[in-house]
Amino acid sequence: MLTCGAHRFPLDRTLVMGVLNVTPDSFSDGGRYFAGTAALDHARKMLDDGADIIDIGGESTRPGAAPTSEREELARVVPLIEKIAARGVPVSVDTRKPAVMQAAIAAGATMINDVCALRAPGALEVVAGHSVAVCLMHMKGEPATMQQNVTYTDVVADVKIFLVERAAAAEAAGITRDRIVLDPGFGFGKKVEHNLVLLRRLSEIVALGFPVAVGMSRKSTIGALTGREVGERVAGSIAAALAAVARGAKIIRAHDVRETVDALKVWRAVQEG
Ligand code: 9MG
């Protein structure tokens, strides 16, 4: 069971988290900037297509991205969260900033998706003070430099040690286990070979005992493996998602919700049969 505020997910099937980036430079949305009604329309479409959660992000985390000010990030995400959450939709906010977490929760978000795994001072306390869920993601370095000089002896071991430590910190702060999701952070301080090893051995992360989220949708590893540009990575992204589900992933973060949901329906029917 995953508790996201008033929303409770039994996790008897894989959830799809639809990506709603409201950043001007989101590479994976092909540079489209979902502002105002376009963002709402896009959220509505993802929900019609079967998304379980809408993940709203107002600061780009792509490699080399410049930081966004707190004020700007709040202006981008809060009005949108208010409108979408008011319809009873589970909303996650993709942010590293405690002040944005706090405002997002006040606006109705019931999940915090933090690529820094609540390492910012005050972040643990904000999440612990509410009944929201949190996705703790592994990232080596910072978005601005994370793809430079990346080395690991054993990427899976490093990711596991980090996630275990962050989950323990979250629990020690008072965040109950039913509100914690772990994510190996594909592409965050990882080269293609690291992402492939992580995916191949994802069941070792699943074995830590928390629901695992995976986000490989449209990422550069899919581009490197297929030779496709960002807008043409749907098939490759779905193959990666199914490989993750086969190893126990419970949440797939995806841009192409309709195609991902269809693939998961077929996958599930085969498994259950
Ligand atoms: C914000 N964001 C971009 N990629 C991501 C991923 O792989 N996982 C999570 N949790 N968030 C991500």
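Helices (H or I, at least four residues) and strands (E, at least two) are here DSSP runs, numbered from the N terminus. With that convention, begin with the whole chain of this predicted model in a cartoon representation: it contains 10 helices and 10 strands. The radius of gyration of the chain is 17 Å, close to the 19 Å given by the globule rule for 273 residues, so the chain is as compact as a globular protein of that length. Rotating the C-alpha trace onto its principal axes gives spans of about 40 × 40 × 40 Å.

Next, display the surface. The accessible area of the chain is about 11300 Å², and carbon and sulfur atoms account for 54% of that area. Colouring by burial shows that 55% of the 273 residues count as buried.

Then select the charged side chains. There are 32 positive and 31 negative ones in the chain, and the centres of the two sets lie 2 Å apart.

A contact map may be opened beside the viewer. Among contacts between residues at least 6 apart in sequence, 69% join residues at least 24 apart.

Now select strand E8, residues 180-183. Which residues cover its two sides? Ile180 and Leu182 lie on one side, Val181 and Asp183 on the other, and all are buried; buried here means under 20% relative accessible area.

Finally, add strand E7, residues 133-137, to the selection. In which sense do E7 and E8 pair? The pairing is parallel and runs over four bridges. To inspect this pairing at residue level, centre on Val134, which stands opposite Ile180 in E8. Ile180 is also one of the buried residues of that strand.

Methods:
Residues numbered from 1 in each chain as written. Predicted model: local features only at pLDDT ≥ 70, side-chain atom pairs only at ≥ 80, totals over all residues. Heavy atoms only, no water. Rg over C-alpha atoms; globule rule 2.2 N^0.38 Å. Buried < 20%, exposed > 50% of the residue type's maximum accessible area, 1.4 Å probe, protein only. Contact = heavy atoms within 4.5 Å. Areas by Shrake-Rupley, 256 points an atom, 1.4 Å probe, with all protein chains shown as cover. Lys, Arg positive; Asp, Glu negative; His and termini not counted. Charge placed at Lys NZ, Arg CZ, Asp CG, Glu CD. Pairing = 2+ DSSP bridges.
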